[in-house]
Amino acid sequence: MVTYSQIVELIIQREMGIIGKQKLMEVLADAGLDVDQSGAVKTNNVNIGHVERLMTKLNEKYGLVTIMGCKIAVGRKAREGNLALPAILR
């Protein structure tokens, strides 16, 4: 079963390669997500709203390249779990 926490962790993995760990950790905090240094999500009950806030913050700070960098992989993972995605990732 795929969860939104796994979706966020996939986004974290992809974005570390795009904007780097330091900048990503700042965006995660702005989006209200608590993660450990390895990128594992510690926030409880992660939902589609968390994914939307994270992607919106990434887009605002670093532009569309951050969205495009994870869109396909996140879409595949979401389809595996039959999870809806926010408009920014569709």
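Which residues does I11 touch, not counting residues up to four places away in sequence? The list is V51, L54, M55, L58, C70 and V74. Keep in mind that you're looking at a predicted model. Its chain has four helices and zero strands, so here's a quick tour, starting with the overall fold and ending at the surface.

**Fold and shape**
- Walk along the sequence and you'll meet the pattern α-α-α-α.
- The radius of gyration of the chain is 12 Å, which agrees with the value near 12 Å that a compact globule of 90 residues would have.
- Along its principal axes, the C-alpha trace spans about 30 × 25 × 20 Å.
- Take the contacts between residues at least 6 apart in sequence: 64% of them join residues at least 24 apart.

**The inside**
- Out of the chain's 90 residues, 41% count as buried.
- The largest nonpolar core has 28 residues, and I11 and L54 are the ones that touch the most other members.
- Two or more residues of this core come from each of α1 (4-18), α2 (21-30), α3 (48-62) and α4 (64-80).
- The top contributor to this core is α1, which gives six residues.
- As a general pattern, nonpolar side chains in soluble globular proteins tend to be buried together.

**Surface and charge**
- The chain's accessible surface comes to about 5000 Å², and carbon and sulfur atoms account for 49% of that.
- There are 12 positive and 9 negative charges in the chain, and the mean positions of the two sets lie 5 Å apart.

Definitions and conventions
Residues numbered from 1 in each chain as written. Predicted model: local features only at pLDDT ≥ 70, side-chain atom pairs only at ≥ 80, totals over all residues. Heavy atoms only, no water. Rg over C-alpha atoms; globule rule 2.2 N^0.38 Å. Buried < 20%, exposed > 50% of the residue type's maximum accessible area, 1.4 Å probe, protein only. Contact = heavy atoms within 4.5 Å. Areas by Shrake-Rupley, 256 points an atom, 1.4 Å probe, with all protein chains shown as cover. Lys, Arg positive; Asp, Glu negative; His and termini not counted. Charge placed at Lys NZ, Arg CZ, Asp CG, Glu CD. Core = buried A, V, L, I, M, F, W, Y, C linked by side-chain atoms within 4.5 Å.
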